[in-house]
Each structure stands twice: as structure tokens, then as C-alpha cells.
Amino acid sequence: FMNNFAIYPFPFGLLQIGYENDKVIFLNKLDTADNYGIKNKLTDLVYKEITEYLEGNRKDFSFPYFLKGTEFQKKVWNELCRIPYGETRSYKDIAVAIGNPKAVRAVGMANNRNPMMLAVPCHRVVGSNGKMVGYAGGISMKEYLLALEKRNS
């Protein structure tokens, strides 16, 4: 993990922003940190946009990011970005949308590996019964984000 990163406080603990050159390569929620990394214009912008989003004042993000993953993962992540603010889709919906209706479990795994929490909105994917299932930030964070988006859409 020799990436450049910066850590900022946010409502769910600590937000770790990883970057390479002029692009964000991951957003991560941490509970504790020994090293707060190096802040710069890019990480300040990301933090500002995420703060605005969490206050209900922003619906999409403009900061530059780069997604590292397999072709399949990128297909899933790109599809997640098409889910409108304030709406949800099931894992099955995503599998069908990428033309691979049987890949429900693989879609779940790709969701799980999403490096760009919030910006690639994996929190908008729910179980087919509408149940809150796995989220890297924890179920309570997922419920909070979905409620926030419902209120503001």
C-alpha cells in the first residue's frame, strides 16, 4: 500500500482518499489511523464534494477518479453509476443490465470490491427482497445514505 493518500474525519469515522497522479484511486472508510497521509488540492476537493453530498447538497461528483479492476468489475461499477440518485436496484437488476443475468453472485462480489465508495454508488444496490445486504461501510451507513438520498430527491 505505497499509494499516496490523505485521511479526513467524516460522520462514519475516517475517510481515506487514495490518489495517483491527478486521480483518485480509492475511497475507504476507516475506524482508526496512525498516519493521516498527505492532503493536497485534489483530496481537499474530494472531501468538500463528499461533505456536500452527506449534507444533502450534492447529487453527483466531479472529482477525477480511475477505477482499477477486471473488465467484469468495471462493467458492474459503470452500471452502478447509472443508478439514479435516490433509487435502488437489486443485484439481479445489475446482472441483467450488463447482459449477464446469471451473474448475480459475481455482481455481488464486484460490488464488494468497489474501490470508490460513494462515488460509485454500491450503496444503491439492495437484495432482491429490498433488504439491506452487505456494504463495506456497514449496514447502518448504507441505510443512512439511502435515507439521505430519498429525502433529497
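**A three-stranded sheet, a helix across it, and a buried arginine**

Asn4 stands opposite Tyr19 in β2, and this pairing is a convenient place to enter what is a predicted model. One residue further along, Phe5 stands opposite Gly18 of β2, and Gly18 in turn stands opposite Phe26 in β3, so that the reader who follows Gly18 passes from β1 through β2 into β3.

These pairs belong to an open sheet of three strands, ordered β1-β2-β3 and paired in antiparallel fashion. Because β1 and β3 stand at the edges and have a single partner strand each, one side of each is left without a neighbour in the sheet. From one strand to the next, the twist averages 20°.

The connections can be taken in turn. Strand β1, residues 4–10, runs antiparallel to β2 and is joined to it by seven bridges, while the hairpin that links β1 to β2 passes through two residues. Strand β3, residues 23–30, is likewise antiparallel to β2, with seven bridges joining the two; the hairpin of β2 and β3 has two residues between the strands, and in its turn Asn21 has a positive phi of about 55°. As for β2 itself, which covers residues 13–20, six of its eight residues are buried, and the strand is therefore largely enclosed by the rest of the structure.

Across β1, β2 and β3 lies α1, which runs at about 30° to β1. The loop between α1 (41–54) and α2 (71–80) holds Arg58. With a relative accessible area of 18%, Arg58 counts as buried, because the cut-off for that term is under 20%. The side chain of Arg58 makes a polar contact of 2.8 Å with the side chain of Glu52, and the Arg58 side chain also reaches the backbone oxygen of Asp60 at 2.8 Å. When neighbours within four places in sequence are left aside, Arg58 is in contact with Glu49, Glu52, Tyr53 and Tyr85.

Beyond this loop comes α2, in which Gln73, Val76, Trp77, Glu79 and Leu80 are buried. Viewed down the axis of α2, its buried residues fall within an arc of 160°, and they therefore line one face of the helix. The general background is that an α-helix has 3.6 residues a turn, so residues three or four places apart point the same way. The cover over the buried residues of α2 includes α3 (91–97), α4 (104–112) and β5 (125–126).

Definitions and conventions
Residues numbered from 1 in each chain as written. Predicted model: local features only at pLDDT ≥ 70, side-chain atom pairs only at ≥ 80, totals over all residues. Heavy atoms only, no water. Helix = DSSP H or I, 4+ residues; strand = E, 2+ residues; numbered from the N terminus. Buried < 20%, exposed > 50% of the residue type's maximum accessible area, 1.4 Å probe, protein only. Polar contact = N/O pair within 3.5 Å; in protein donor to acceptor, adjacent residues only side chain to side chain. Contact = heavy atoms within 4.5 Å. Pairing = 2+ DSSP bridges. Arc of directions from axis to C-beta. Axes fitted to C-alpha atoms, helices over the stretch in contact; angles between N-to-C directions.
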